[in-house]
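Me: I have a model open and would like to go through it step by step. Could you help me read it?

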Amino acid sequence: MNGLLAGFRKNRTKIWVGAVTLLLVFYLVVSFQRSLLLLTDSNLTAKAIGAAYLVLPVVGAWALIRELMFGARTEQMAKVLEAEGGLPVDELPRTPGGRIVRAAADAEFEKYRAEAEAAPNDWRSWFRLSCAYDAAGDRKRARASMRDAVKLFTAAS
């Protein structure tokens with residue numbers, strides 16, 4: 001039982017991603033089915049709505065696949081960095097509520113920004129910069145940096 005609980009804690013994110021993915025796939029299948037029903041209706045307005053509604057599952061499936069591939073690549077890069085001993089160590093001070101102290105994250109960020117500027121074609125530096133952005137609370141730039149890391153990693157593979 002203890003091993004099962006430890007396995008759940010270790011894979012909690014993957015379990016949630018799987019659950020959300022299943023719900024989204026269910027929604028996409030139902031949307032597709034409903035759009036087909038509308039397309040077979042004799043009313044021209046229903047047909048138009050069905051055609052428009054058919055776009056939702058296509059866009060949803062594309063976004064789902066894209067995000068799952070992004071997550072898989074990110075995990076793959078993290079494993080490579082871990083094996084190399086290059087993962088950034090999270091030793092930043094935290095508030096009593098568990099949040100990272102912003103000033104400490106900003107100071108740490110400068111180190112990783114300089115590393116990425118010095119090695120702009122190294123996916124490792126962009127991966128670490130993404131982690132620094134995330135620690136500093138800038139999720140938009142963290143994601144953009146990770147996308148850059150994925151592009152460089154894919155090109156190098």
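Me: How much area does the protein expose, and what share of it do carbon and sulfur atoms supply?
Reply: This is a predicted model. In it, the protein exposes about 10800 Å², and 64% of that area comes from carbon and sulfur atoms.

Me: And what percentage of the residues count as buried?
Reply: Of the 157 residues, 23% count as buried, that is, they have under 20% relative accessible area.

Me: New topic: how many helices and strands are there?
Reply: The protein has six helices and zero strands. Read from the N terminus, the order of elements is α-α-α-α-α-α.

Me: What is the radius of gyration, and what would a compact globule have?
Reply: The protein has a radius of gyration of 21 Å, whereas a compact globule of 157 residues would have one near 15 Å. Along the principal axes, the C-alpha atoms fill a box of roughly 65 × 45 × 35 Å.

Me: Which residues does the UniProt annotation "transmembrane region" cover?
Reply: According to the unreviewed UniProt entry, that annotation covers residues 15-32 and 44-65.

Me: What is the chain like over residues 15-32?
Reply: Residues 15-32 are 100% helix and 0% strand, with 26 Å between the end C-alpha atoms.

Me: And over residues 44-65?
Reply: That stretch, residues 44-65, is also 100% helix and 0% strand. Its end C-alpha atoms are 33 Å apart.

Me: Last one, on charges: how far apart are the mean positions of the positive and negative ones?
Reply: The mean positions of the 22 positive and 16 negative charges lie 7 Å apart.

Notes:
Residues are numbered from 1 along each chain as its sequence is written. This is a predicted model: local features need pLDDT of at least 70, side-chain atom pairs count only at pLDDT 80 or more; totals for chains, interfaces and linings use all residues. Side-chain values use heavy atoms; hydrogens and water are left out. Helices (H or I, at least four residues) and strands (E, at least two) are DSSP runs, numbered from the N terminus. The radius of gyration is taken over C-alpha atoms; the globule rule is 2.2 Å times the number of residues to the power 0.38. Buried means under 20% relative accessible area, exposed over 50%, partly exposed in between (1.4 Å probe, protein chains only). Accessible areas come from the Shrake-Rupley method with a 1.4 Å probe; for residues, only the protein chains shown count as cover. Lys and Arg count as positive and Asp and Glu as negative; His and the chain ends are not counted. The place of a charge is taken as NZ of Lys, CZ of Arg, CG of Asp or CD of Glu. UniProt positions are given in the numbering used here, feature names are shortened, and annotations may be inferred rather than shown by experiment.
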